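Q: Hi, I'm new to this one. Could you walk me through it?

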Amino acid sequence: MQLTGARVAAGPASTNRRDLTIRGGRICLSITAGQGEREMDLTGYLILPGLINAHDHLEFNLFPRLGRGIYPNAREWAADIFHPDVSPVREHLSIPKPVRLAWGGLRNLLSGVTTVAHHNPYEQAVFDRNFPVRVIRRLGWAHSLDFSPDLASRYRDTPHNRPFILHAAEGVDEKAAGEIARLEQLGVLGPRTVLVHCLAAVNADVDLLRRRRCSVIWCPDSNLAMFGRTVTDELLQSDIPIALGTDSALTFPGDLADALRTARGRGVTRDSLYRMVTSTAADILRLRDGSGSIRQGGVADLIAVEDRGQTPAEALLDLRPSFVMIGGRIRLLSGLPDSGKSLNPIYVEGRGEFLVDADVAYLNDQARIALGPDYSLAGRRVAA
Ligand SMILES: [Zn+2]
């Protein structure tokens, strides 16, 4: 397949006008398409690398935001919201988990995400080639100090060439503030350690994370909703690698496009933001297949947006994908012809109509059985 006529991102601030040939799910920059190869005219569009959402819990994205007000730490939030036998949690949990996971995949696909770090067990039977997005398989994880008594052994069992991801310092009280020091005592801070949230990390903690070469995943909207603040400027302005994540709709009714705008409002440069959802995220998550970039031989995970003369980094602040390709397969179109006639329509409140490569009718039926017709996907009404 050949993608023709578009401007193609070469970095956050630069583009080239070039055609892209896709072979075997990978990008070939050096050859042009052969005769009879399918061509898709993307004149008037800007092609970017598919985005990476570094933190989500995919099965919780039909849920409404749960909890009341501001909490001192994540443990108190969890104790307040975990009532599986009470509405609305009961109704949501009655939806088959593969269906809830697929909706979580769709939430990401609709915002231009092609790869997700799912923070829960890897569901081998669900995350197959028909799942809406790529889910990273090769990673180690633990929930947190509070909920993972086996945290240290999970860290030790994670190979050195894979990330080890855990929630840490998620709160604003002394308990949260002491977690980085406790992780150091446990011996689990190292180059493969990736700490989600870290909003209680200040001064000595930031210095320690830098010395231990740890990375951070930042979920600004989730932090603001639960705790009224997010990570310190000191952490944001440090040279600690940071990727951006959404977290689930339990704490954040929105998607990665919303998270990008919130993060920009915290004074992060556009170029840094671009890297937080592409190249830096790929480095932190140890993705070696070309994810987060457009390069010779890399996976053909690409998105396209309308070309208004913006830089690739500027395009992320007003993101609505018109095209999403994952591994060379078109998974979403909007305003572009579906020549294969294989995609299904979905309407998303505030975003409009899309065609997606998913069994939307089935997913919609399953959601309606449990929740009625007025359900939302991460805060936005959807209709099939
Ligand atoms: Zn989380």
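A: Sure, one term to start: Ala, Val, Leu, Ile, Met, Phe, Trp, Tyr, Cys and Pro count as nonpolar, Asp, Glu, Lys and Arg as charged, and the others, Gly among them, as polar. This is a predicted model, where local features need pLDDT of at least 70, side-chain atom pairs count only at pLDDT 80 or more, and totals for chains, interfaces and linings use all residues. Residues are numbered from 1 along each chain as its sequence is written, and side-chain values use heavy atoms, with hydrogens and water left out.

Q: Okay, which residues line the second largest cavity, by class?
A: Its lining has six nonpolar, three polar and two charged residues; among them are Trp77, Met226 and Arg65. A cavity here is a set of points on a 1 Å grid over the protein atoms alone where a 1.4 Å probe fits but cannot get out, and lining residues have an atom within 4 Å of a point.

Q: And what are the protein donors of the zinc ion?
A: His55 (NE2), His57 (NE2), His167 (NE2) and Asp247 (OD), at 2.1 to 2.8 Å from the zinc ion. Donors are N, O and S atoms within 2.8 Å of the metal (3.2 Å for Na, K and Ca), and sites may look incomplete because water is not among the atoms.

Q: What spacing do the donors follow along the chain?
A: The pattern is H-x1-H-x109-H-x79-D.

Q: Are His57 and Asp247 buried or exposed?
A: Both His57 and Asp247 are buried, meaning under 20% relative accessible area, with exposed over 50% and partly exposed in between (1.4 Å probe, protein chains only).

Key
On a 1 Å grid over the protein atoms alone, a cavity is a set of points where a 1.4 Å probe fits but cannot get out, and a pocket is an open set with protein on both sides within 12 Å along at least five of seven lines; lining residues have an atom within 4 Å of a point.
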